[in-house]
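Student: I'd like a close look at a single part of this structure, followed by whatever it leads to elsewhere in the chain. Could you pick a good place to begin and walk me through it?

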Amino acid sequence: MTDLIISTLAQGLLWSIMALGVFLTFRVLDIADLSVEGTFPLGAAVAATWITAGGSPWTAVLLALFAGALAGTVTALLHTQLKIPALLAGILTMIALYSVNLRVMGKANISLLRTDTAFTQAAALFGGTVYGTLAIGAALAAGIGLLLYWFFGTELGTAIRATGANPAMIRALGVPTNGMIILGMLISNALVSLCGAFVAQSQGFADIGMGIGTIIIGLAAVIIGEVLFGARSFKKSLISVLLGAVVYRIVIATVLYLGMPPNDLKLFTALIVAGALALPLVRTKTAAGKGGR
């Protein structure tokens, strides 16, 4: 039971990196970017291909980071330069990446079970796969969270945040909003792809279909975190997203432990997101009803 709890916590911390990427587009830039469903398996494909070719697992995650940044830039250019709506631009990139991912892997699935990965190295260092995964997940969540907090406190990071909050105002101040959107989506998809690379190594395989539902998982982490922990400041929002991803994994592990069929997980996740999104309205109506009595 202890191993299950630690494993769930470790997986939540790993997936929180993807949730941070979704948060940057969904909340910071105010863009619904569906290309994450393509960049997540892209990171997995790049990492798995590199590792099975004999490369270092740490070099693999850097290559995945670069690949995700490139894919995010493509989506941003479709939106900013060709004036394609952001939602459609993300869908186009996602569709294109399906073929790209197949090209990268050469087949639909790559096994990493008999290869040296970041997690096999961490398991040897920390005395077990579960503890090694927890160590990597905690280090990634803390390191990337702190890095994002620092970056978005700089002048450039503040300009990206202002672009999502009030593009007309920031444009009037002479800030190139298109450039800010490109940079924001680049960072977002780089994080999602990085998460895909680590998740593939953790699970022991990369699969062409592993990105399906990624956007819903990311949104679930963001919404659950905001509802449970609040989002009154940027620092609070980052912490909420990280904790939201962990809570989401705990909920999923719990319902699976209680006997929910795995085929129903996507439906269950959609219901969680819908309920979390509706909760503020329910609270408002409940408060109004009490006030009218």
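Tutor: Happy to! Let's begin with Arg27, which is partly exposed, because its relative accessible area is 37%. Please keep in mind that this is a predicted model. The partner of Arg27 is Glu226: the two form a salt bridge in which the closest N and O atoms are 2.7 Å apart. Glu226 belongs to helix α10 (residues 214–229) and Arg27 to helix α1, so the pair ties together parts that are 199 residues apart in sequence. Glu226 counts as buried because its relative accessible area is 18%, under the 20% cut-off. The structure holds one salt bridge, and you have now met both of its residues.

Now let's follow helix α1 itself, which covers residues 2–28. Leu4 sits in this helix and is partly exposed, because its relative accessibility is 38%. Together with Tyr257 and Leu258, Leu4 makes a nonpolar surface patch of about 370 Å². Ile6 lies in helix α1 as well, but this residue is buried, because its relative accessible area is 14%. Beyond its neighbours within four places in sequence, Ile6 is in contact with Val130, Tyr131 and Leu134. For a sense of distance, Ile6 and Gly204 are 198 residues apart in sequence, and their C-alpha atoms are 18 Å apart in space.

Helix α1 also helps to cover another helix. The buried residues of α7 (residues 155–165) are Gly157, Ala159, Ile160, Ala162, Thr163 and Gly164. What covers them includes α1, α6 (129–151), α8 (167–172) and α9.

From there we can move to the nonpolar interior. In soluble globular proteins, nonpolar side chains tend to be buried together. Here the largest nonpolar core has 78 residues, and Leu148 and Phe198 have the most contacts inside it. Helix α9 (residues 177–203) gives this core its largest share, 13 residues. Setting aside neighbours within four places in sequence, Phe198 is in contact with Leu14, Trp58, Val61, Ala118, Phe119, Ile136 and Leu140. Another core, of five residues, lies apart from the largest one, with Leu42, Val46, Ala67 and Leu97 among its members.

Polar residues can be buried here too. Thr75, in helix α3 (residues 57–80), counts as buried because its relative accessibility is 0%. Its side chain makes a polar contact of 3.5 Å with the side chain of Ser35. Not counting residues up to four places away in sequence, Thr75 touches Asp33, Ser35, Ala89, Gly90, Thr93 and Met185.

Glu37, found in helix α2 (residues 36–52), makes a good last stop. This residue is buried, because its relative accessible area is 18%. The Glu37 side chain reaches the backbone nitrogen of Gly213 at 3.4 Å, and one of its polar atoms lies 3.5 Å from the backbone nitrogen of Ile215. Apart from neighbours within four places in sequence, Glu37 is in contact with Met94, Gly211, Ile212, Gly213, Thr214 and Ile215. That brings us back towards our starting point: helix α10, the one that holds Glu226, spans residues 214–229, and Thr214 and Ile215 are among the contacts of Glu37.

Methods:
Residues numbered from 1 in each chain as written. Predicted model: local features only at pLDDT ≥ 70, side-chain atom pairs only at ≥ 80, totals over all residues. Heavy atoms only, no water. Patch = residues over 30% accessible without salt bridge, like charges linked within 9 Å, V, L, I, M, F, W, Y side chains within 5 Å. Areas by Shrake-Rupley, 256 points an atom, 1.4 Å probe, with all protein chains shown as cover. Salt bridge = Lys/Arg side-chain N within 4 Å of Asp/Glu carboxyl O. Helix = DSSP H or I, 4+ residues; strand = E, 2+ residues; numbered from the N terminus. Buried < 20%, exposed > 50% of the residue type's maximum accessible area, 1.4 Å probe, protein only. Contact = heavy atoms within 4.5 Å. Core = buried A, V, L, I, M, F, W, Y, C linked by side-chain atoms within 4.5 Å. Polar contact = N/O pair within 3.5 Å; in protein donor to acceptor, adjacent residues only side chain to side chain.
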